[in-house]
Amino acid sequence: MMEEPSVWDYVKAKVQFWKKTDIDFSFQEVSEVSGLPEGEKESHKGIAISSLPWLSLLPFVVLLVGQFFLEPPDRLPLLGGVFYFIGGVLIVFAVRLGFLKVPVVLQDSERMEKVEIRWNWLVVAGIGMVISFVLFGGNRFNTLNLFTWIFAIVSLLIALFPQNTFPKIFLWFKTARKWMRSPEINLSVTFWGVVLVLTLLLVGYFRFASLNQFPAEMVSDHAEKLYDVRDVLNGQYKIFFERNTGREAFQFYWTALIAQVFHTGISFMSLKIGTVLVGLITLYYMARLGNLLGGKWLALFVLIFAGVAYWPNIISRIGLRFPLYPFCVAPVMYYLIRGLKMRNQYDFIWAGIALGIGLHGYTSSRIVPFLVVLAFFIYTFHLHTKMERIQSIYWLAIVGVVSFFIFLPLFRYALENPGMFAYRALTRVGDAERALPGPVFAVFTNNLWRALTMFFWSNGNVWVHSIPDRPALDPVSAALFFTGILILFIRYVQKRDWVDLFLLLSIPVLLMPSVLSLAFPDENPNLNRTAGAYVPVFLIVAIGFDSLIKGVLGALSEKSAIRGASIIGAIIILMTTTFNYELFFIQYDRLYRQSAWNTSEMGQIMQGFARITGSPDTVYVVGYPYWVDTRLVGINAGFVERNPEIFRDRFSETLSDPRAKLFMLNPVDIESLEALRNLYPQGKASWYDSPVEGKDFVLFMVPAVQDQLP
């Protein structure tokens with residue numbers, strides 16, 4: 001007679017998921033309910049200890065406690081590490097015992113379709129590309145090279161899109177026209193619909209609330225961007241903008257369009273609206289990626305956690321080029337994964353389009369082609385036949401060719417000006433600006449470690465786009481991120497799904513723009529050059545949350561499962577929302593206002609003075625080391641062309657102007673104030689008391705020397 005297996009045998013069999021066992025665990029521990037008649041035992045199988053939801057929550061609670069020990073200012077890293085280790089062990093136990101649910105793998109399609117190419121159109125596209133390449137000299141877009149470039153791209157798309165694409169497009173237009181003739185919208189209220197609307201309102205609040213106040217001030221980099229936008233609006237249609245060591249062009253054309261459409265002009269608000277919209281498009285593709293890999297609820301969880309998180313919100317609202325990196329990553333990852341899963345040529349064309357556009361965005365996006373190669377390498381490694389591998393090479397070629405056609409203007413510029421095109425990268429990776437501070441391998445491994453731990457420990461020390469020396473994730477998201485990593489690892493060991501390995505390895509690849517700051521390791525990590533990584537990071541956060549909620553659903557009885565999971569899920573979401581509200585709207589805002597100079601207040605004074613006197617030409621900001629960027633004062637006042645900067649040695653030049661004058665000075669610049677008093681004894685000085693402590697300044701008013709009436 002076979003000996004009955006013990007509880008320990010059961011636990012070992014569950015935890016050691018890589019081993020097979022012949023022991024029969026047929027629910028003996030549940031059916032042995034003492035004191036019950038034989039006929040009633042079957043109905044009490046749900047009373048097992050696994051039915052208690054706290055067993056699903058225990059790993060999360062332990063990890064959350066561990067993360068609190070890693071939060072500044074009073075950190076206990078050893079204790080935090082111990083809790084994370086215990087939490088990791090509990091996750092493995094919880095998965096094997098069914099308390100945490102591993103999401104179902106999206107199966108790869110088994111179809112083998114021949115790659116479709118219209119060779120005549122491909123030849124036309126090649127000719128158009130060569131002509132465009134020749135015409136793109138001189139770092140300028142013009143009517144002729146734009147026409148040939150667009151013609152070449154359209155010809156390429158016609159050559160590559162499958163035969164059934166254009167009938168589908170025609171059918172879509174036909175359906176849309178039919179609906180417009182007789183529009184009809186049917187609305188129904190469902191639980192899913194209500195939750196989705198609430199989610200969109202929540203995300204909308206975090207992205208748009210008080211957009212004119214958060215962030216509060218511009219920094220010098222904003223002035224550089226707005227001057228480039230001014231150049232676009234003045235007809236300088238550059239391919240690569242060389243001001244401030246050079247930048248790709250996308251943001252400047254996009255912001256110029258925003259300024260015209262929303263009538264916001266050359267302003268901080270135009271920059272903010274543009275980057276917030278880019279961030280929302282990124283969120284859309286992240287949600288689609290979640291829906292692809294786990295269904296609509298996983299898509300919703302991605303929206304919530306990425307929508308309220310302080311990291312993506314800062315990146316989206318700061319008004320600089322940073323969100324163009326995840327804007328490139330999200331659609332590329334979505335179309336790549338869907339294309340490889342469904343084996344659909346159509347998706348690889350869209351992946352190439354997204355990659356090509358993204359390379360015109362932010363310098364960090366130059367790492368994304370390596371991400372594409374990694375995806376195909378991992379996918380090909382998991383294939384079983386030579387024919388499948390050959391087909392995947394064709395697909396990679398499609399992505400590469402389409403993206404190259406769109407990248408073509410920048411490619412021509414890079415050949416003509418390799419030093420300028422690569423300057424930013426070379427000054428960080430190599431010794432173009434300063435010698436490396438140590439052996440390359442040692443600096444690289446230290447940078448990599450710091451970047452990989454930024455989610456739990458420190459996101460760097462740049463106040464413009466982060467809260468210095470705190471984790472990149474809030475405590476709840478950090479705990480769920482760790483959970484999601486282990487869930488994906490376990491699922492990969494069990495199912496060998498290539499997407500799991502790709503998601504895990506995509507994070508270090510997307511961190512590389514920061515990690516490769518070898519000459520300036522103090523710049524690593526930072527939230528702008530790592531921004532592309534937040535796409536897979538928050539997908540993994542959502543996967544961790546999804547596994548927890550499904551574990552709770554499985555642990556509770558049928559009647560209370562949805563209610564219990566909803567309450568627990570709502571509490572966790574409320575926690576992460578509260579944490580991130582505190583981080584962004586309170587801590588970050590307070591730090592930002594304390595660190596940035598209050599040029600908006602000076603701009604308001606300049607604007608008011610110009611309105612009274614009729615001209616901004618007699619408003620001056622006296623230059624002082626490490627004080628305000630005077631260009632921002634003029635921009636905030638609405639006078640982009642007017643930089644009111646003046647230095648003490650040029651004070652006498654203002655004597656010839658009889659109009660009233662206004663000088664703004666740093667309070668510690670006593671020498672300049674005395675020089676003005678000696679030059680204009682009739683002038684009067686006053687103190688401007690700023691709402692932000694330490695940002696006061698001095699106003700020195702000089703009256704007009706003659707009647708200004710006509």
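Is Asp 228 buried or exposed, and what is its relative accessibility? In this predicted model, Asp 228 counts as buried, at 0% relative accessibility. The acidic side chain forms a salt bridge with Arg 243, in which the closest N and O atoms are 2.4 Å apart. The pair links distant parts of the chain, as Asp 228 belongs to helix α9 (residues 220-233) whereas Arg 243 is placed in the loop between β1 (240-241) and β2 (247-248), 15 residues apart. Unlike its buried partner, Arg 243 counts as partly exposed, at 25% relative accessibility.

A further salt bridge joins Glu 671 to Arg 648, with 3.0 Å between the closest N and O atoms. Because Glu 671 lies in helix α28 (residues 670-679) and Arg 648 in the loop between β4 (645-646) and β5 (661-665), this pair ties together parts that are 23 residues apart in sequence. Glu 671 counts as exposed, at 55% relative accessibility, while Arg 648 is partly exposed, with a relative accessible area of 39%. Through shared partners, salt bridges also join Asp 228 and Arg 243 into one network, whose other members include Asp 221, Glu 224, Arg 247 and Glu 641.

In total, the count comes to 30 salt bridges. One of them is formed by the side chains of Arg 470 and Glu 71, at 2.9 Å from N to O. Arg 470 lies in the loop between α20 (440-452) and α21 (475-495) and Glu 71 in the loop between α3 (54-68) and α4 (77-96), so that the pair ties together parts 399 residues apart in sequence. Arg 470 is buried, with a relative accessible area of 5%, and Glu 71 likewise counts as buried, at 11% relative accessibility.

Methods:
Residues numbered from 1 in each chain as written. Predicted model: local features only at pLDDT ≥ 70, side-chain atom pairs only at ≥ 80, totals over all residues. Heavy atoms only, no water. Salt bridge = Lys/Arg side-chain N within 4 Å of Asp/Glu carboxyl O. Helix = DSSP H or I, 4+ residues; strand = E, 2+ residues; numbered from the N terminus. Buried < 20%, exposed > 50% of the residue type's maximum accessible area, 1.4 Å probe, protein only.
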